[in-house]
Structures are given as structure tokens and as C-alpha cells.
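Here are some short exercises to work through with the model open beside you. Try each task before reading its solution.

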Amino acid sequence: MALEGIKAKMQQLRLEADASSNKVEELTKKVKTLEQENLAKEQEITSLTHKNQVAESELEDLHGRHDDLKKQLEQAGGHGTQNEALQRRLQILEEEAEEADKNLRETNDKYDRSDPRIICKTIDSCNRLRQTDVKAGHYERKVQALESARDQWVEKYEEMSKKYAQVKKELEDFQLEIGNI
């Protein structure tokens, strides 16, 4: 019976060894799976870190561009003041042109055209009227150019503000995603 006890003990030890061997294989598989998952997570973290750095770099660039556009917009605001001054000057010149035209018509109506002194005064008035018209045209073109430049700066500013907000949101999303890992 001692022999049967030893055989039973050996059988039990074999079963325990097989169970332990199976457990070792199972745990080895789990370790490999966990190592692969860990490697995948590390790669994802590296990728997200790189994306975050790129986003932060883009954000810094956009901050700089945003600041530049703000300065340019402020300068364009100065153009608006200049624009208003030019419009006032244009209005004054137009009023002077109207006055000169009125004087010319009155002079032609009142005086005889044969008197050389009157003709000289009329020619002088005509010359001043032409000069005033030329100046008025020049200032009108300048006002239009300034308004156009201002509109372009405002449009660029709005575009950059949208891009800035978009990149800022992407950065926040990346930071949230990294925080969740």
C-alpha cells in the first residue's frame, strides 16, 4: 500500500505540475499581451506628445500673427482718422469749387466779356476751379484706397481670430486627451 500511496502522490504531483505549467503558460500570455498594450500606450503617448508640441508651436505662431494683426489693425484705425480728415478736406474743397463756380457764373452774368480785366479774373477762377477739382479727385481716390486697406485688415484680423480660436480648441482637446491617458 505504500506503493499505491506513492503512486497516488506522484499522480497528484503530476496533476499539480500540469496545472502549474498551464498557469505559467497562461500568465506568460497575459504578460506578453500587457507588454504589447503598454508599448502601444507608450507609442500613443509619444504621438500625442508630439501632436501637443506641434499644436503649441502653431499656437505660439498664431499668437504672434494675432498680435501683429492687432497692431496692423490699430494702425489701420489711424488710417481711419486720416480718412476722416481727408473727407473733411474733400468736403471743404468741394465747397470751394462750388463757390468758385457760383462766382464764375455771377461774373459772366454781370460783366461784359469784352473787358480784359474781367476775362483775366474769370480765367483765374477757372484755373482755381480746375485745381480744386483735381485735388478733390485726388483726395477721393486716397479715401477709397484707405477704406479698402482698412477693410482688408479687418478681414485678415477676423480670419486670424477664427484660426486662433480653432487652434486653441485643438490644443485644449489634445491636453484633455493626454490627461485621459
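**Exercise 1: a charged pair**

At 35% relative accessibility, Lys163 counts as partly exposed (between 20%, under which a residue is buried, and 50%, over which it is exposed; 1.4 Å probe, protein chains only). This is a predicted model, where local features need pLDDT of at least 70, side-chain atom pairs count only at pLDDT 80 or more, and totals for chains, interfaces and linings use all residues. Residues are numbered from 1 along each chain as its sequence is written, and side-chain values use heavy atoms, leaving out hydrogens and water.

Task: find which residue forms a salt bridge with Lys163.

Solution. Step 1: look for a side-chain nitrogen of Lys or Arg within 4 Å of a carboxyl oxygen of Asp or Glu, which defines a salt bridge. Step 2: the partner is Glu159, with the closest N and O atoms 3.7 Å apart. Step 3: both residues lie in helix α2 (helices are DSSP runs of H or I, at least four residues, numbered from the N terminus), four residues apart, about one turn. Step 4: Glu159 is partly exposed too, at 41%.

**Exercise 2: the other bridges**

Task: list the salt bridges that a search of the whole structure finds.

Solution. Step 1: the search finds three, including the Lys163 and Glu159 pair. Step 2: in helix α2, Lys169 and Asp173 are four residues apart, and their side chains meet at 3.6 Å, N to O. Step 3: Arg150 pairs with Asp151 at 3.2 Å, N to O. Step 4: check accessibility; Arg150 is partly exposed at 33%, and Asp151 is partly exposed at 42%.

Conventions. Helix = DSSP H or I, 4+ residues; strand = E, 2+ residues; numbered from the N terminus.
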